[in-house]
Amino acid sequence: MANKRPADAARRPVFPVRLDMIRPAAPPIKPVLSASRFAGSAHRTVQPAHGLGLDSAAVRQHMVRRLSQQGVTDPRVLHAMGIVERHRFVDTALASQAYEDTCLPIGLGQTISKPGVVAHMLELLCQGLDRPLGRVLEIGTGCGYQAALLGLLASEVYTIERLRGLHAKARNNLRPMRLPHVHLVFGDGMAGYAAGAPYAGIIAAAGGDAVPAAWIDQLAVGARLVAPVSQGADKQAGQALVVIDKTARGCHQTVMDAVQFVPLKSGIA
Ligand code: SAH
């Protein structure tokens, strides 16, 4: 899939932005995750979930190989996908399906995206960076699965959820991973989360008719936003993944694959 990024957006600075971080050319991506990021997760003994039937680490590695065959190449993303225990973020009855490439219900009418889509979006968010992501914002915490992945990829994560029940569920799901740099916020993500801005990346897990202006405002220059957005006035037209690179000269938008996400809604509930 072609994805041309403006030259200066490929050299996105981490937060806080410093002029000396802006280099003349984008160096190649190197694996950058430090072992300390995985404290409490990577080195923990993995217990098979009820109904999973197999060692979940092996099943996850199988998923990682499949993602790789599907075209996910970023070693940081593949590494994170191999560590985070997706089966712990869904109901026990669904645990056996956790490593299939399928979206799953997480309660309150919401769904967790399929691993292929999650990995693709994270790869887009990390693309062109030769260092870990800085501070990122996730709109739509849901069950907390993607927030956990972001916790392994970024130095700091703010994730906002408008449904109190899911905010609480994510808190419970994430607690065993002990990721103190992942901050869960209950609120309406339509307004972004100004307290953490500017962000080195913003990723949305719910799709609206347009990207709210607040998200662009809260994006650092050189940073990237990845979000599903409805295409056209006709609701039947569906959503597409949109990548927005913020540069000193303005924003550059790339419309990518067709996707299907839950709607971005206003207010809290
Ligand atoms: N990333 C999540 C996916 C959750 S589905 C995960 O890994 O589980 C998308 C979520 O976006 C839903 O929980 C929905 O309630 C939430 N959402 C929709 N509109 C929102 C808004 N304006 N602010 C915050 N969250 C929102």
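Is Arg-178 buried or exposed? Arg-178 is exposed, with a relative accessible area of 58%. This residue belongs to a predicted model, and Arg-178 sits in the loop that links α5 (164–174) with β5. Its phi is near 45°, which is a positive value in a residue other than glycine. A second residue can be described in similar terms. Leu-108, in the loop between β1 (104–107) and β2 (110–112), has a phi near 55°, again positive and again in a residue other than glycine. Leu-108 is exposed as well, at a relative accessible area of 56%. For both residues the label follows from the cut-off, because exposed means over 50% relative accessible area.

The loops are joined to a larger framework. The protein chain has 269 residues, and buried ones make up 53% of them. Its secondary structure consists of six helices and eleven strands. Taking contacts between residues at least 6 apart in sequence, 62% join residues at least 24 apart. The accessible surface of the chain is about 11900 Å², and carbon and sulfur atoms account for 57% of that surface.

Next comes the sheet. Seven strands form an open sheet with mixed pairing, in the order β5-β4-β3-β6-β8-β9-β10. At the edges stand β5 and β10 (250–259), and each has a single partner strand, so one side of each is left without a neighbour in the sheet. From one strand to the next, the twist averages 15°.

The strand β8 can be followed in both directions through this order. Strand β8 covers residues 219–230, and eleven of its twelve residues are buried, so under the cut-off these eleven have under 20% relative accessible area. On one side β8 pairs with β6 (residues 199–204) in the parallel sense, over four bridges. Within this pair, Ile-203 has Val-226 of β8 as its bridge partner, while Ile-202 stands opposite Leu-225 in β8. On the other side β8 meets β9 (residues 239–247); these two strands run antiparallel and are joined by seven bridges. Here Arg-224 has Asp-245 of β9 as its bridge partner.

From β9 the sheet continues to β10. The two strands pair in the antiparallel sense over eight bridges, and Ala-240 has Ala-258 in β10 as its bridge partner. A hairpin of two residues connects β9 to β10.

Back at β6, the stretch that leads into the strand deserves a look. A cis peptide bond joins Ala-197 and Pro-198, with omega about 5°. Pro-198 is in the loop between β5 (182–186) and β6.

The remaining part of the picture concerns helices. Helix α4 lies across four strands of the sheet, namely β3 (133–139), β4 (154–161), β5 and β6, and runs at about 160° to β4. How many residues of α4 are buried? Nine of the nine are buried, so the helix is largely enclosed by the rest of the structure. The buried residues are Tyr-145, Gln-146, Ala-147, Ala-148, Leu-149, Leu-150, Gly-151, Leu-152 and Leu-153.

Helix α4 (residues 145–153) also packs with helix α3 (residues 115–126), at an angle of about 35° and with the axes 11 Å apart. The crossing of these two helices is right-handed. From α3 the contact draws on Val-118, Leu-122, Leu-125 and Cys-126, and from α4 on Tyr-145, Gln-146, Leu-149, Leu-150 and Leu-153. By type, the residues of this contact are eight nonpolar, one polar and no charged.

Put together, α4 lies across strands of the sheet and packs with α3. Within the sheet, β8 pairs in the parallel sense with β6 and runs antiparallel to β9. The loops described above hold the two exposed residues, Leu-108 and Arg-178, and also Pro-198 with its cis peptide bond to Ala-197.

Notes: Residues numbered from 1 in each chain as written. Predicted model: local features only at pLDDT ≥ 70, side-chain atom pairs only at ≥ 80, totals over all residues. Heavy atoms only, no water. Axes fitted to C-alpha atoms, helices over the stretch in contact; angles between N-to-C directions. Left-handed = near helix turned anticlockwise from the far one by under 90°. Contact = heavy atoms within 4.5 Å. Nonpolar A, V, L, I, M, F, W, Y, C, P; charged D, E, K, R; others polar. Buried < 20%, exposed > 50% of the residue type's maximum accessible area, 1.4 Å probe, protein only. Pairing = 2+ DSSP bridges. Areas by Shrake-Rupley, 256 points an atom, 1.4 Å probe, with all protein chains shown as cover.
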